[in-house]
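The following exercises concern the sheets and helices of one protein structure. Please examine the sequence and the model before attempting each solution.

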Amino acid sequence: MRPLIELNYENTHSNQLDSNKMGQANGLLLEKVFEDNQDRIASIVNDLYAKKNTPGQWCRWLTLGENTALKTQINDYVKTVAGQFDDMVVLGIGGSSLGGYALLRALIHPYWNQLPADKRNGCPRYHFIENVDADQMNGLLDILTPSRTLFIVISKSGSTAETMSAFMIAKAWLETHIAEEKAIAKHIVAITDAKQGLLRPLADQAGYQTFEVPDDVGGRFSVFSAVGLLPAALCGISIDEIQSGIQAIDQQLQLPDLSQNIAAQAALIQIQLYQQGKFMAVFMPYSFRLASVADWMVQLWAESLGKQKNLNGDDVFVGSTPIKAVGVTDQHSQVQLYNEGPFDKVFTFIEVASPTKDIAISDNQFTDTPDLTYLNGKPLSALMNAEFQSTRASLTRNQRPNMTITLPEVNAYYLAQLLYMLEVKTAIAGALLNIDPFNQPGVELAKQYTYALMGRSGYEHLIAEAQGRVAEDTQVMHVAI
């Protein structure tokens with residue numbers, strides 16, 4: 001039986017951390033914390049999994065690892081288009097983009113887009129348009145061949161201004177190069193709501209291949225739906241392995257026993273420390289391939305847990321601020337602050353036990369330079385591991401609480417476990433804070449102001465307010481350079 005990913009939280013124990021340093025509690029007596037919160041955690045875990053098939057609870061993401069019908073639909077489509085496209089362009093933003101990009105960056109060759117087609121097994125290069133930057137869009141279209149490009153537009157509502165504007169540009173670009181409407185349809189896939197929204201009727205009328213964003217699955221929890229799995233499968237990543245990894249760890253994460261549930265442990269430690277003043281959550285994978293997992297985690301944590309209201313309707317203004325860091329790069333840009341700055345952070349490291357393919361440092365370089373010869377003949381993974389262990393040890397010595405999640409290796413099976421565990425951790429953390437981790441009311445006002453400023457019908461009543469707010473902000477914030 002294959003092992004699961006592991007969580008090490010020993011460095012948060014109060015017997016290793018001086019709880020009186022700087023007048024703040026920098027550690028937890030975990031045995032007592034676990035004992036005091038066992039019943040509460042059991043109730044939260046049982047309640048979470050009871051909601052996974054309940055309409056209106058936004059917990060259907062818990063079922064995605066079991067969705068064999070989706071796997072079959074995606075694999076069948078991938079077979080029909082095999083070899084037809086040199087480039088795949090994903091048009092999405094936030095949860096419609098970050099998860100798929102994290103899967104691709106982690107699970108295929110680090111320089112996939114530079115490989116010749118035969119070394120990509122005929123799979124397409126991948127590109128993600130997740131901004132409304134004209135330079136990015138123009139630059140990408142300059143290097144694409146219309147007859148060999150597939151666009152995947154992802155929007156549950158079909159009203160996402162950023163995504164739909166990119167789609168409208170892409171569709172017009174195809175129309176200038178491909179004459180027949182039916183031929184254009186083969187170059188577009190829509191991932192959207194099954195029945196509602198603006199994109200669904202447009203896609204059905206045009207004859208696009210479509211996939212569903214399931215009901216009760218929010219964007220930031222959609223990585224294991226077609227949103228993430230279709231781009232992954234088009235580049236040769238095994239959905240079987242992804243779903244097998246989820247199913248294996250899900251058995252553990254459903255356990256109400258805190259001592260056996262690593263998602264519950266991680267959530268409880270994080271929230272306990274947050275309530276002691278650790279308002280920053282640093283997420284730091286020691287892996288180039290996992291760097292974009294940190295971007296995905298930043299959205300998951302920030303959008304799920306940053307809330308003004310609790311479930312009782314009271315103003316609470318909660319949420320720790322997520323920070324992306326990547327080892328070892330950010331040892332040289334952030335760790336000075338982390339070791340000697342404010343005692344307001346909790347660190348979560350991601351360690352990879354075995355690299356996919358190691359490489360040794362040459363053993364005959366600079367042999368007359370003693371300060372470099374210590375590196376000769378060492379595998380690069382040994383240096384990476386030494387850097388990780390040293391950084392973690394320095395943080396612990398400086399009274400900075402940290403946890404470590406260990407993946408045996410980076411593959412589809414273990415990456416799926418990591419992402420799914422972090423989703424469950426986030427949901428449990430929301431329950432511990434007594435807030436709704438599945439809504440995002442804080443992003444709606446800016447969206448509405450954008451619609452008003454761009455002249456969308458139905459938002460005329462906000463035009464004056466939006467223009468007034470923008471004018472006020474310009475007066476306050478303008479700095480002449």
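**Exercises on a predicted model**

**Exercise 1.** Determine which strands helix α14 lies across, and how the helix is directed relative to β11.

*Solution.* In this predicted model, helix α14 (residues 380-397) lies across β1, β11 and β12. With respect to β11, helix α14 runs at about 160°.

**Exercise 2.** Describe the sheet to which β11 and β12 belong, beginning with the order of its strands.

*Solution.* Step one is the order: five strands form an open sheet, arranged β1-β12-β11-β7-β10, with mixed pairing. Step two is to find the edges, which are β1 (6-8) and β10 (321-324), each paired on one side only. Step three is the twist, which averages 20° from one strand to the next.

Step four turns to a single pair. Strand β11 (residues 345-352) and strand β12 (residues 402-407) run in the parallel sense and are joined over six bridges. Within this pairing, Thr348 stands opposite Met403 in β12. A second helix is then added: α15 (residues 412-432) packs on the sheet and touches β7 (280-285), β11 and β12. The direction of α15 makes about 145° with that of β12.

**Exercise 3.** Classify the crossing of α9 and α15 by its angle, and list the residues that make the contact.

*Solution.* The axes of helix α9 (residues 239-253) and α15 come within 7 Å and cross at roughly 45°. This angle therefore makes α9 oblique to α15. The crossing of the two helices, α9 and α15, is right-handed.

On the α9 side, the contact is made by Glu241, Ile242, Ser244, Gly245, Ile246, Ala248, Ile249, Asp250 and Leu253. From α15 come Ala412, Tyr413, Ala416, Gln417, Tyr420, Met421 and Val424. Sorted by class, the contact of α9 with α15 has 11 nonpolar, three polar and two charged residues.

**Exercise 4.** Repeat the analysis for α11 and α15: at what angle do the axes cross, and how is the arrangement classified?

*Solution.* Helix α11 (residues 291-305) and α15 have axes that come within 10 Å and cross at roughly 20°. Angles under 35 degrees count as roughly parallel, so α11 is roughly parallel to α15. The crossing of α11 and α15 is right-handed.

Among the residues in contact are Trp296, Leu300 and Trp301 of α11, together with Leu415, Leu419 and Leu422 of α15. The contact of α11 with α15 divides into 11 nonpolar, three polar and two charged residues.

**Exercise 5.** State how α1 packs against α15 and what classes of residue are involved.

*Solution.* Helix α1 (residues 30-50) and α15 pack at an angle of about 120°, their axes being 10 Å apart. Helix α1 passes α15 in a right-handed crossing. The residues taking part include Ile41, Ile44 and Leu48 of α1, and Tyr420, Val424 and Ile428 of α15. By class, the contact of α1 with α15 has 11 nonpolar, no polar and one charged residues.

**Exercise 6.** Characterise the sheet that contains β4 and β5, and name a bridge partner pair within it.

*Solution.* Five strands form an open sheet in the order β3-β2-β4-β5-β6, and their pairing is parallel. At its edges are β3 (125-129) and β6 (209-212), each pairing on one side only. Strand β4 (residues 149-154) and strand β5 (residues 188-192) pair over four bridges; Ile154 has Ile191 in β5 as its bridge partner.

To complete the picture, helix α5 (residues 161-177) lies across β2, β3, β4 and β5, running at about 155° to β4.

Terms used:
Residues numbered from 1 in each chain as written. Predicted model: local features only at pLDDT ≥ 70, side-chain atom pairs only at ≥ 80, totals over all residues. Heavy atoms only, no water. Pairing = 2+ DSSP bridges. Axes fitted to C-alpha atoms, helices over the stretch in contact; angles between N-to-C directions. Contact = heavy atoms within 4.5 Å. Parallel < 35°, antiparallel > 145°, perpendicular 65-115°, else oblique. Left-handed = near helix turned anticlockwise from the far one by under 90°. Nonpolar A, V, L, I, M, F, W, Y, C, P; charged D, E, K, R; others polar.
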